[in-house]
Amino acid sequence: MIKLIKVRITIFGIVIVFVLFMTFGIFIYLGLESLLQNQFDRRLYLQADTIEDSYVHAEGKFKFLEPGTKNYDQAKNKRVRVVQNTGDVLFESEYFQEREIPFPFEKANQRKDKKYFYYSYQRGEDRFYRSIVIPVVDPQTQEVLSWVEVSDSKRYIEASLSYFRKLLLASLPLVLIGVAAASFYVVNRLIRPVSLMAQRAEKITSENLNSRVPVINPRDEVGRLGITFNQLLKRLEDAFRQQQQLLSNISHELKTPLTILRTHWEAEISNTRLPQATREKLVGDIEELARLSKMVDDLSLLSRSMEDLTNLNKAKLDLSELLGNLVHDMEMLAEAKEQTLVWQNGSALYVNGDQRYLKRLFLNLLDNAIKYTPQGGQVSVNCSVNGNTAQIEISDSGIGIPVSDQPHIFERFYRAKNTKYGATKGSGLGLTIAKWIVEAHGGTLAIQSGTGKGSTFVATLPLFLS
Ligand code: ADP
């Protein structure tokens with residue numbers, strides 16, 4: 001998107017400059033053309049006027065065109081002719097002698113005001129000429145006696161204009177490249193703080209709400225946006241912390257009464273005087289209590305910040321032993337559902353971990369495996385070494401997780417659609433916590449599953465290196 005803005009503004013700049021440049025260029029071109037034309041006409045006029053002025057009425061002669069004079073020679077070499085109203089040619093320079101260029105009698109006779117006029121003519125394909133025709137008027141009778149014509153080629157005007165056109169067209173790409181480079185540079189500089197802010201903001205999650213976006217210039221609009229965004233982050237962080245604190249307080253308050261209740265009822269169960277129906281109800285209640293305690297534990301864990309999780313109490317521990325004990329503890333649960341719980345017992349496998357948390361991690365995974373596998377299914381736990389890592393696979397033959405749900409199951413409170421098929425209760429926190437714990441140990445947690453295909457959770461943890 002941001003890249004698009006850069007490109008869009010650059011293209012916009014190029015189009016605007018192109019239009020301005022061309023409009024400006026056309027105006028200058030037309031102005032130049034008119035200026036050159038005026039100068040050209042003025043020169044023709046001065047030459048023709050000098051000849052016309054030299055007419056001596058008493059003698060009926062043009063002084064300027066008297067043979068043998070310097071002016072006569074000059075006029076011979078230029079494009080000059082004098083034509084009488086009878087049609088006879090009084091004087092003709094070599095140019096007119098050699099070419100058959102008809103004198104515009106019709107136009108000359110039409111000029112009732114007896115004033116001078118210009119006309120243009122063309123010879124060949126690209127040779128353009130222009131003439132001035134000045135009438136010589138008898139001061140007494142006011143009759144036109146003759147016409148003085150001075151002509152010249154317009155090739156100098158053409159050459160100058162063509163030179164200007166070439167200059168304009170040659171400089172156009174340079175100007176456009178310059179504008180593109182300059183606008184790209186400027187827009188890039190303006191947009192860079194926004195890109196940096198977006199990059200940083202993308203990385204902000206609930207785990208690092210204390211991060212802030214960089215503010216390069218606090219006085220400009222983008223800087224102000226950054227400051228406002230940071231203030232918003234601060235408010236979010238405070239609200240999030242308050243929420244965590246509340247969660248922590250509530251779970252702490254709930255823990256003790258739940259434990260007390262559970263202990264009481266577990267003691268009650270062994271009371272043989274209780275009717276069978278009441279004992280069965282108690283067993284159901286104890287299971288509910290156990291579930292509630294697990295949820296409260298999850299909530300209490302969730303209320304801790306990521307900092308707490310990275311400050312784990314790590315030590316060298318044998319994963320095989322930890323998993324073996326856990327499998328042993330869970331056997332009762334599996335048996336209740338007539339499931340086979342297989343533990344591929346391996347040799348000692350050391351990782352650097354926090355026993356309490358790692359136990360929690362595998363407990364959550366195993367608990368899910370049993371929970372989401374129907375009666376009579378199979379759950380297996382396997383532990384192996386892969387390079388520098390320990391790989392723990394917890395597989396079940398259960399209901400599986402739809403592919404569309406898989407990207408979300410590690411999110412807080414997320415429960416996949418499959419849960420409605422199995423009679424399962426849950427908080428949607430177990431996998432969130434499992435993932436946190438694996439990542440806090442520098443490992444990864446992956447899943448291979450599909451509806452009805454069972455599920456395999458693969459946790460990878462770095463091996464303890466002595
Ligand atoms: P819950 O308390 O709902 O079990 P989790 O965070 O542990 O919460 O799991 C999230 C969701 O992932 C579950 O609601 C369930 O839909 C799905 N899930 C987790 N483990 C399994 C499994 N082994 N088989 C099938 N679905 C599973």
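**Exercise 1. The ligand and its polar partners**

Task: In this predicted model, find what lies 2.8 Å from an oxygen atom of the ligand in the side chain of Tyr372, and then describe the surroundings of the ligand.

Solution. Begin with Tyr372, where an N or O atom of the side chain lies 2.8 Å from an oxygen atom of the ligand. Go on to Leu431, where a polar backbone atom is 2.8 Å from an oxygen atom of the ligand. Then turn to Ser455, whose side chain has an N or O atom 3.3 Å from a nitrogen atom of the ligand. With these contacts in place, consider the surface of the ligand, which exposes 520 Å² when taken alone, and of which the protein buries 99%.

Next, look at the residues around the ligand, 21 in number, of which Asn368, Tyr372, Arg415, Asn418 and Leu431 come nearest. Sorted by class, this shell holds nine nonpolar, nine polar and three charged residues. At least two residues of the shell come from each of α10 (355-371), α11 (430-440) and β14 (455-462), and α10 contributes the most, with three residues.

**Exercise 2. A residue of helix α11**

Task: Decide whether Thr432 is buried or exposed, and list the residues that it touches beyond four places in sequence.

Solution. First place the residue: Thr432 belongs to helix α11. Then consider its relative accessibility, which is 4%, so Thr432 counts as buried, given that the limit for this class is under 20%. Finally, leaving out residues up to four places away in sequence, Thr432 touches Leu302, Phe410, Glu411 and Arg412.

**Exercise 3. Two strand residues**

Task: Place Asp396 and Ser380 in their strands, and work out for each whether the residue is buried or exposed.

Solution. Start with Asp396, which lies in strand β12 (residues 389-396). Its relative accessible area is 11%, and therefore Asp396 is buried. The side chain of Asp396 reaches the backbone nitrogen of Gly398 at 2.9 Å. When neighbours within four places in sequence are set aside, Asp396 is in contact with Ala369, Thr373, Gln378, Val379, Gly454 and Ser455; Ser455 has also appeared above, with a side-chain N or O atom 3.3 Å from a nitrogen atom of the ligand. As a further step, compare positions along the chain and in space: Asp396 and Pro67 are 329 residues apart along the chain, and their C-alpha atoms are separated by 125 Å.

Continue with Ser380, which is part of strand β11 (residues 378-386). With a relative accessible area of 17%, Ser380 is likewise buried. Its contacts, again without neighbours within four places in sequence, are Val342, Glu393, Ile394 and Ser395.

**Exercise 4. Aromatic pairs**

Task: State how many aromatic pairs there are, and determine which arrangement Phe103 and Phe105 form and which arrangement Tyr121 and Tyr129 form.

Solution. A pair of aromatic rings is described by the distance of the centres and the angle of the planes. The count comes to twelve aromatic pairs, taking rings whose centres lie within 6.5 Å. For Phe103 and Phe105, the centres are 4.9 Å apart and the planes stand at 65°, which makes the pair edge-to-face, since that label applies to angles over 60 degrees. Phe103 has 10% relative accessibility and so counts as buried, whereas Phe105, at 28%, is partly exposed.

For Tyr121 and Tyr129, the centres are 5.2 Å apart with 10° between the planes, and the pair is stacked. Both Tyr121 and Tyr129 are buried. In addition, ring pairs join Tyr95, Phe96, Tyr119, Tyr121 and Tyr129 into a cluster.

**Exercise 5. Positive phi in loops**

Task: Say in which loops Gln142 and Phe413 are found, and what phi each has.

Solution. Take Gln142 first, which sits in the loop between β6 (127-137) and β7 (144-153). Although Gln142 is not a glycine, its phi is positive, at about 60°. Its relative accessibility of 43% means that Gln142 counts as partly exposed.

Now take Phe413, found in the loop between β12 and α11. Phe413 too is a residue other than glycine with a positive phi, near 60°. Because its relative accessible area is 52%, Phe413 is exposed.

Notes:
Residues numbered from 1 in each chain as written. Predicted model: local features only at pLDDT ≥ 70, side-chain atom pairs only at ≥ 80, totals over all residues. Heavy atoms only, no water. Near = heavy atom within 4 Å. Polar contact = N/O pair within 3.5 Å; in protein donor to acceptor, adjacent residues only side chain to side chain. Areas by Shrake-Rupley, 256 points an atom, 1.4 Å probe, with all protein chains shown as cover. Helix = DSSP H or I, 4+ residues; strand = E, 2+ residues; numbered from the N terminus. Nonpolar A, V, L, I, M, F, W, Y, C, P; charged D, E, K, R; others polar. Buried < 20%, exposed > 50% of the residue type's maximum accessible area, 1.4 Å probe, protein only. Contact = heavy atoms within 4.5 Å. Phe/Tyr/Trp six-rings, centres within 6.5 Å; stacked < 30°, edge-to-face > 60°.
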